[in-house]
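Student: I would like to learn how to read single residues and helix pairs in a model of this kind. Could you take me through a few cases?

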Amino acid sequence: MIGSVLIANRGEIAVRIVRGARECGVHAIAVFSEADRLAPHVLAADEAHCIGPAPSAESYLRGDALIELALRVGAEAIHPGYGFLAERADFARAVEAAGLLFIGPAPDTIAAMGDKTEARRRMSEAGVPIVPGLTEAVADPEAAEAAAEEIGFPVLLKASAGGGGKGMRVVEEAADLRRAFEAASREALAAFGDGSVYLERYLQRPRHVEIQLLGDTHGNVVHLAERECSIQRRHQKLVEEAPSPVLSEEERARMGETAVTAARAVDYRGAGTVEFLYERGEYFFLEMNTRLQVEHPVTELVTGIDLVEWQFRVASGEALAFTQDDIGITGHAIECRITSEDHLGGFLPSTGTISHFEIPSGPGVRWDGGVVQGGEVTLHYDPLLGKLIVHGATRASAIDRMARALDELVVAGVETCAPFHRRVMEEPDFRAGKVSIRYIEEHPELVEDDGSERDLLAAAIGAALLEDEHRRHRAPRIAPSEGPSISPWRRVGSPGRGE
Ligand code: MV4
């Protein structure tokens, strides 16, 4: 096992990686921006170093500075978490060139999967089903028109350098293709510095189902079943669960084998994910994510496998200690991302000081968080405050448990999307497992202000005022000689006292 790791990240994922490191006996070195001096990931780590001012570009994205720091403090490895530098092949290459271990797949794997048309070519060659369409960029609108006629409308224009939905345009008919091509290309150029676009058949109402993978450096690759991640808004997932409510055992095994084939095609090592679009029993490769994902805990809860531990083990050269046959699913897990966003009126980011914070607990409840009471929520970073994850024997019991846990969660000082999740847990289509990537647009009531949360707040304030009033009237008069050491609470309501 490696001796030390520098965690090039912040927030909940940095805390999660510190936890994994400590369990593996790995010395955890945190880094922080000037805004994060007292952040939980800093306090959790064994050692921490400031890397610059609050803006990410001047701190968490300074790949060169991070590598220099890692060398200076004697770290053996760098764990990038997700976001920031996690899928930058150039960073992974620089880490390795410096003689450090990069906790992730080989730089060439990251590069190949980051180029969407190359990823499609590699997958197609390996026999992995891809969404019907092109595997090369189209040079001009005429070429796009010819390809679209072949594929059949509606088609989806995508950026080759893409990801995250930027540069994507749905085109319903040939007449709209030229304008869409130009718009998508312009957007892709602005976002990725590369304007090339290609075409796929547009799937109208698919599910997003992804398979978790784990590979080692000895040629072993296993899958850890799927996560259903269809409930998302503007490409930000909100609710994830494992297993998917719709896959049969046969489908799970087939998709899993497909994902393993995909991993083998790119010599995958470490933890990774193959994303599929699933529609009416058919599934198609969408993307491969070459990192630990936000939603990894639902897989951990149903498989009992600690993904961060295995990232460390695999990076240290250990072989996987289990085969595909050893891996099974127990029960059902659900994750709700708790962000500092106001779901009423467009998920606008909310900032401020977390003035009060109560973390849910009890049977089957896990909180992976990155904030504390008294902490500041700013616009410098991702709005993810933490993830509430539950495990239950069945999907229905997991949903009920999540509702209970959400009721225990208290975050005051900033708005959060927790009330949105509480509504989802009651929503009949969700409860029936009827979700697709259009779930939120098909359920506008979930993000509309119907006054119910305000009513709840008003009721809570009303109750508190009433209680206060009640207490004043009934409060016992404590004789000065008895002093303040006598708790008035024990006296309240006791017969013959203070009435
Ligand atoms: C698609 C699609 C429908 N058809 N491709 C969105 C981001 C990028 N990673 C791929 N995306 C999509 N590709 C075809 N051919 C629909 C989406 C999509 C989506 C995919 C997964 C999860 C959420 C989504 C939300 C909107 C669109």
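Student: In which loop is Ser-56 found?

Tutor: Bear in mind that this is a predicted model. Ser-56 lies in the loop that runs between E3 and helix H3 (63-73).

Student: Is Ser-56 buried or exposed, and what does Ser-56 contact beyond its neighbours within four places in sequence?

Tutor: Buried means under 20% relative accessible area; Ser-56 has 13%, and therefore counts as buried. Once its neighbours within four places in sequence are left aside, Ser-56 is in contact with Leu-61, Arg-62, Phe-84, His-380 and Tyr-381.

Student: How does Ala-48 read, and in which strand is its place?

Tutor: Ala-48 sits in strand E3 (residues 47-52). Values between 20% and 50% count as partly exposed, so Ala-48, at 27% relative accessibility, falls into that class. Among residues further than four places away in sequence, Ala-48 touches Ala-30, Phe-32 and Val-42; the C-alpha atoms of Ala-48 and Ala-30 are separated by 4.4 Å, although these two residues are 18 residues apart along the chain.

Student: At what angle do the axes of helix H1 and helix H11 cross, and which residues meet there?

Tutor: The axes of H1 (residues 11-23) and H11 (residues 307-315) come within 9 Å and cross at roughly 60 degrees, and the two helices are therefore oblique to each other. The crossing in which H1 passes H11 is right-handed. From H1, Arg-16, Ile-17, Gly-20 and Ala-21 meet Leu-307, Val-308 and Phe-312 of H11. The residues of this contact divide into five nonpolar, one polar and one charged.

Terms used:
Residues numbered from 1 in each chain as written. Predicted model: local features only at pLDDT ≥ 70, side-chain atom pairs only at ≥ 80, totals over all residues. Heavy atoms only, no water. Helix = DSSP H or I, 4+ residues; strand = E, 2+ residues; numbered from the N terminus. Buried < 20%, exposed > 50% of the residue type's maximum accessible area, 1.4 Å probe, protein only. Contact = heavy atoms within 4.5 Å. Axes fitted to C-alpha atoms, helices over the stretch in contact; angles between N-to-C directions. Parallel < 35°, antiparallel > 145°, perpendicular 65-115°, else oblique. Left-handed = near helix turned anticlockwise from the far one by under 90°. Nonpolar A, V, L, I, M, F, W, Y, C, P; charged D, E, K, R; others polar.
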